[in-house]
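Trainee: Could you take me through the ligand site and the space around it? I would like a close look at that one part.

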Amino acid sequence: MAKREKADSAAEARFEGLPAALLDWYGRHARSLPWRIGPGKRAEGVVPDPYRVWLAEIMLQQTTVPHAAGYFETFTRTWPTVEALAGAEDSDVMAAWAGLGYYARARNLLKCAREVTARGSWPRTEAGLRDLPGIGPYTAGAVAALAFGEPAAAVDGNVDRVFSRLMATKGDWKEEKRRIAETVKATVPGDRPGEFAEALMDLGATVCTPKRPNCLICPLRDWCAAYAEGTPDQYPIKPAKKTKPVRYGEVYVVRGPSGVAVETRPPHGLLGGMLGLPTTAWLQDDRPERAAWMTGGSEIGEVKHVFTHFELRLLVVTAGDTAALPQGYGFKDEETVGAALPSAFRKALKLAS
Ligand code: ADE
């Protein structure tokens with residue numbers, strides 16, 4: 001027997017009965033979420049809208065369900081179809097995304113919508129979805145299973161945690177994650193892969209939580225090696241996180257009669273394509289140099305913001321519109337701008353208000 005098949009059949013034997021128990025639990029405890037059709041609906045012939053499934057998955061990659069829900073509502077109201085989103089102005093989409101973070105995702109979101117619209121339909125398989133901009137292994141698996149019923153696995157951090165506990169993984173985390181992905185794939189039931197994926201998401205969010213998992217109500221307890229050991233909350237065992245380097249800079253809140261000075265940032269790089277306040281470069285030196293054009297500002301405090309690879313500390317400086325702003329900046333209504341600024345700048349504007 002090939003190695004792969006051996007792993008598959010081992011997982012099948014070890015987790016026999018698990019999918020049915022999980023799906024049964026899901027039928028009773030599924031969260032009702034705006035991008036879902038609901039448990040049992042597919043069997044009744046209800047077909048999920050791949051646009052809504054995909055949009056939710058992109059939003060939920062690094063964001064919690066409560067934070068994403070309002071954005072999802074706004075996006076689907078403003079752009080109800082993938083074709084509508086494809087026809088949107090880039091700046092409108094970037095502004096609507098502000099506050100969700102990871103702005104490369106918003107740029108890829110538009111690219112993907114335009115590609116799907118140009119093709120005329122969504123690819124319906126995991127492999128086909130992988131070819132689209134911004135769709136990695138997790139999203140391809142999730143959309144294939146949730147929208148198209150393909151028996152694909154959708155393994156994110158929550159699913160890693162659930163299976164790490166089921167399997168009581170103790171080895172090198174990278175290697176264990178690979179083993180988990182294979183095991184999940186071998187456990188996905190062919191007839192209800194989408195509900196299986198949603199059930200795992202819900203279990204991870206509400207029962208098999210990172211801290212203090214509620215094992216007493218867990219439908220998978222009988223299969224759980226970590227529960228049998230008595231220490232489920234110690235899993236997954238991962239290498240310690242590296243502390244993030246800190247970068248420093250100054251940010252300028254320059255107000256004039258018609259609002260606050262902003263620019264549209266260059267299309268690529270950090271916060272690319274988003275609106276931004278004037279700022280110095282963000283460097284390791286904890287005493288950033290004042291921008292040459294900025295004279296007579298008042299220092300009003302510091303804001304912090306955590307990005308994927310570093311923590312940013314910005315000294316907020318306010319000034320009137322006599323400051324000799326460099327080219328590319330314009331004054332915009334503060335309230336409108338506030339909603340369209342990425343969080344790091346939004347915090348600075350709030351501190352200065
Ligand atoms: N996390 C990632 N995708 C999700 C989804 N579709 N529903 C709930 N939580 C999720």
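Mentor: Happily; here is a walk from the ligand out to the pocket, and then to the enclosed spaces.

This is a predicted model, so local features need pLDDT of at least 70, side-chain atom pairs count only at pLDDT 80 or more, and totals for chains, interfaces and linings use all residues. Residues are numbered from 1 along each chain as its sequence is written, and side-chain values use heavy atoms, with hydrogens and water left out.

Let's start with the ligand's neighbours. A residue counts as near when one of its heavy atoms lies within 4 Å of the ligand. The residues around the ligand are Arg-31, Leu-33, Trp-35, Arg-36, Glu-57, Leu-60, Val-65, Tyr-138 and Met-201. Sorted by class, this shell holds six nonpolar, three charged and no polar residues. In that scheme Ala, Val, Leu, Ile, Met, Phe, Trp, Tyr, Cys and Pro are nonpolar, Asp, Glu, Lys and Arg are charged, and the others, Gly among them, are polar.

Now for the polar contacts, meaning pairs of N or O atoms within 3.5 Å; within protein, one must be able to donate a hydrogen and the other to accept it, and residues adjacent in sequence count only if both atoms are side-chain atoms. An N or O atom in the side chain of Glu-57 is 2.7 Å from a nitrogen atom of the ligand. For Trp-35, a polar side-chain atom lies 3.2 Å from a ligand nitrogen. Tyr-138 has a side-chain N or O atom 3.3 Å from a nitrogen atom of the ligand. Taken alone, the ligand exposes 260 Å², and the protein buries 93% of that; such areas come from the Shrake-Rupley method with a 1.4 Å probe, and for residues only the protein chains shown count as cover.

Where does the ligand sit? The ligand is in the largest pocket, by the rule that more than half of its atoms lie within 2 Å of the grid points. The search uses a 1 Å grid over the protein atoms alone: a pocket is an open set with protein on both sides within 12 Å along at least five of seven lines, a cavity is a set of points where a 1.4 Å probe fits but cannot get out, and lining residues have an atom within 4 Å of a point. The largest pocket holds about 1,600 Å³ of space, a volume being the space filled by probe spheres set on points joined across faces, edges and corners.

This pocket is lined by 45 residues, and nearest its centre lie Gln-61, Asp-156, Gly-157, Asn-158 and Asp-160. By class, the lining has 19 nonpolar, nine polar and 17 charged residues. Helix 11 (173–187) is among the elements that supply at least two lining residues, and it gives the most, with five. Helices are DSSP runs (H or I, at least four residues) and strands are E runs of at least two, numbered from the N terminus.

Finally, the enclosed spaces. The whole structure has two cavities of 30 Å³ or more. The largest cavity holds about 180 Å³, and 18 residues line it, with Arg-42, Leu-146, Gly-194, Glu-195 and Glu-198 nearest its centre. Helix 3 (50–59), helix 9 (137–148) and helix 12 (193–206) each give two or more residues to that lining, and helix 12 gives the most, with four. Helix 9 and helix 12 also each supply at least two residues to the lining of the largest pocket.
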